[in-house]
Amino acid sequence: MTRAIKVRHLLAALVTVLVLVPTAVGADEGAASGVAPPASAPRWTGTWEAAPSGTTPALPGTSIRNVVHTSVGGTALRVRISNRLGTAPLQLDSVTVALQRPGAPRSPDAVPGSMRTATFGGATSVTIPAGRERATDAVRLNAPANANLVVSVHTSADSGPATYHRSAFQANFLARNGDRTADTDGSAYTTTVSHWYYVTGVDVLGTTAIGSVVALGDSLTDGTGSSFSANRRWPDRLAARLRTLPPNRRLGVLNAGISGNRVLLDGVGPSALARLDADALLRSGVRAIIVLEGINDIKGTPAQTDPGAFERAYRRIVARAHAHGIRVIGATITPYGGHGSFTGAGEKARRAVNALLRTGRLFDGVADFDAAVRDPAHPNRIRPAYDPGDHLHFNDRGMQALADTIDLAKLTEWR
């Protein structure tokens, strides 16, 4: 870490001592800080994230049970609810959180005795203005690491387009017969969907982790190609590696991947530059960001093939992160030969951008995903053993290979 970043960490810590954030957060944006406060102060740490990717028609009168997976555990938690992309005030009648029944990753059942009602400034209902987010008060629930939670929301009103994360690769559930958010038995949840509605984050208190790392990316990070409802995306596998470290180096992992996302242009969801604050810098306890974005710019329409444009964008991401005392690891762009969007010009651009990443000193560290997964016999393609069949994304083995590429010492170098 550079001396300048260390100084920023010290200044941020001094500011935090003077202005302590309360543990029960009711303010918009969850009053989240990008830099962890001193160990003596209550410290929120991000354990799970789903970046808003767009909107879908609201489901008035429906209870929605979102299944989310913790990377680190804690003795209390809070849930982030988003109306960031909505066009009208979002009215939620109730929000609950519980542990999902063990051994049932595709079940809406909760563990008996674990159901908790979440509040907002002490109230069980909340109205969130369009374009804003809220965090619940602290919920006293012992949430283990590497466990599934069920976060249920109900709205009786049509609040307009619902902010959601389209590609969850996780079974979530709908109950269309009223407010069933407090049900431990999930039998009322008869419809299965693969989206997360409204819920965009979970933070924990009382964790042994010292902060969190954000995986900022596209479908490769979102999980396309990995097993459904199995939590085998590369950020999940990274979280498993981090849990083996001593507590003073352990980090929660926040997946800010959006399938179809771009660095330079808006696509599916706002561009990486446009959403950097909300999805990374202002998440709780963030100490580092891993950036894997660019393939959708290269292969998309209009195609972006100027390496200089990527360099300028990456430098802006790093500068903004460093202003918050956050380290940034850049990941090289992986091969896509054989995919229907492959072009010679795109491949030339990909290799040029990767050369910049490896030698341009743009980031605090580099994870060479390209070198880890490319086929030695055909360097513009990924290894067949990692290919789910579309020549772009990664199966479970490929996701593990990406996670294994990340240098944990470099990721936690501030210690």
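**Exercise 1. Place Val95 in its sheet.**

Task: Find the residue that stands opposite Val95, then work outward to the sheet.

Step 1. In this predicted model, Val95 stands opposite Val153 in E10.

Step 2. Strand E6 covers residues 94–99 and strand E10 covers residues 148–155. Six bridges join them, and they run antiparallel.

Step 3. Now widen the view. E6 and E10 belong to an open sheet of six strands, ordered E7-E6-E10-E3-E12-E13, with antiparallel pairing.

Step 4. The edges are strand E7 (116–117) and strand E13 (191–193). Each of these pairs on one side only.

A general reminder: strands of a sheet pair through backbone hydrogen bonds, either parallel or antiparallel.

**Exercise 2. Describe Ser107.**

Task: Decide whether Ser107 is buried or exposed, and list what it contacts beyond its sequence neighbours.

Step 1. Locate the residue. Ser107 sits in the loop between E6 and E7.

Step 2. Apply the cut-off. Buried means under 20% relative accessible area. Ser107 has 8% relative accessibility, so it counts as buried.

Step 3. Check the side chain. One of its polar atoms lies 3.1 Å from the backbone nitrogen of Asp109.

Step 4. Set aside neighbours within four places in sequence. Ser107 is then in contact with Gln100, Arg101 and Phe173.

**Exercise 3. Read both faces of strand E11.**

Task: State which residues of E11 point which way, and which strands are joined to E11.

Step 1. E11 spans residues 162–165. Ala162 and Tyr164 point one way, while Thr163 and His165 point the other way.

Step 2. All four residues are buried, on either side of the strand.

Step 3. Take one partner. Strand E2 (residues 54–56) is joined to E11 by three bridges, and the two run antiparallel. Here Thr55 stands opposite Thr163.

Step 4. Take another partner. Strand E14 (residues 196–197) is joined to E11 by two bridges, again antiparallel. Here His165 stands opposite Trp196.

**Exercise 4. Dissect helix H9.**

Task: Name the buried residues of H9, what they pack against, and the residue that caps the helix.

Step 1. H9 runs over residues 396–405. Its buried residues are Asp396, Gly398, Met399, Ala401, Leu402 and Ala403.

Step 2. A general point helps when viewing the helix: an α-helix has 3.6 residues a turn, so residues three or four places apart point the same way.

Step 3. The buried residues of H9 pack against helix H2 (219–222), H3 and helix H8 (369–373).

Step 4. Look at the N-terminal end. Asn395 caps H9 there, with a side-chain oxygen 3.1 Å from the backbone nitrogen of Arg397.

Step 5. Step back into the loop before the helix. Arg383 lies between strand E22 (378–382) and H9. Arg383 is partly exposed, because its relative accessible area is 32%.

Step 6. Leave out residues up to four places away in sequence. Arg383 then touches Ala372, Val373, Arg374, Asp375 and Pro376.

Step 7. Add a C-alpha distance. Arg383 and Pro335 are 9.3 Å apart in space and 48 residues apart in sequence.

**Exercise 5. Characterise the cavity.**

Task: Find how many cavities of 30 Å³ or more the structure holds, and what lines the largest cavity.

Step 1. There is one cavity of 30 Å³ or more. The largest cavity contains about 170 Å³ of space.

Step 2. Its lining comprises 20 residues. Closest to the centre are Trp48, Glu49, Arg233, Asp236 and Asn255.

Step 3. Sort the lining by class: seven nonpolar, eight polar and five charged residues.

Step 4. Trace the elements. Strand E1 (45–49), helix H3 (234–242) and strand E17 (252–257) each give at least two lining residues.

**Exercise 6. Check the backbone.**

Task: Find the phi of Ser229 and of Asn231, and the omega of the peptide bond from Thr301 to Pro302.

Step 1. Ser229 is not a glycine, yet its phi is positive, about 55 degrees. Asn231 also has a positive phi of about 55 degrees without being a glycine.

Step 2. Ser229 lies in the loop between H2 and H3, and Asn231 is found in that loop too.

Step 3. Ser229 counts as buried at 5% relative accessibility. Asn231 is buried with a relative accessible area of 12%.

Step 4. The Thr301 to Pro302 peptide bond is cis, with omega near -5 degrees. Pro302 belongs to the loop between helix H5 (295–299) and helix H6 (307–323).

Notes:
Residues are numbered from 1 along each chain as its sequence is written. This is a predicted model: local features need pLDDT of at least 70, side-chain atom pairs count only at pLDDT 80 or more; totals for chains, interfaces and linings use all residues. Side-chain values use heavy atoms; hydrogens and water are left out. On a 1 Å grid over the protein atoms alone, a cavity is a set of points where a 1.4 Å probe fits but cannot get out, and a pocket is an open set with protein on both sides within 12 Å along at least five of seven lines; lining residues have an atom within 4 Å of a point. Grid points are joined across faces, edges and corners, and a volume is the space filled by probe spheres set on the points. Ala, Val, Leu, Ile, Met, Phe, Trp, Tyr, Cys and Pro count as nonpolar, Asp, Glu, Lys and Arg as charged, and the others, Gly among them, as polar. Buried means under 20% relative accessible area, exposed over 50%, partly exposed in between (1.4 Å probe, protein chains only). Contact means heavy atoms within 4.5 Å. A polar contact is a pair of N or O atoms within 3.5 Å; within protein, one must be able to donate a hydrogen and the other to accept it, and residues adjacent in sequence count only if both atoms are side-chain atoms. Two strands pair if DSSP finds at least two bridges between them.
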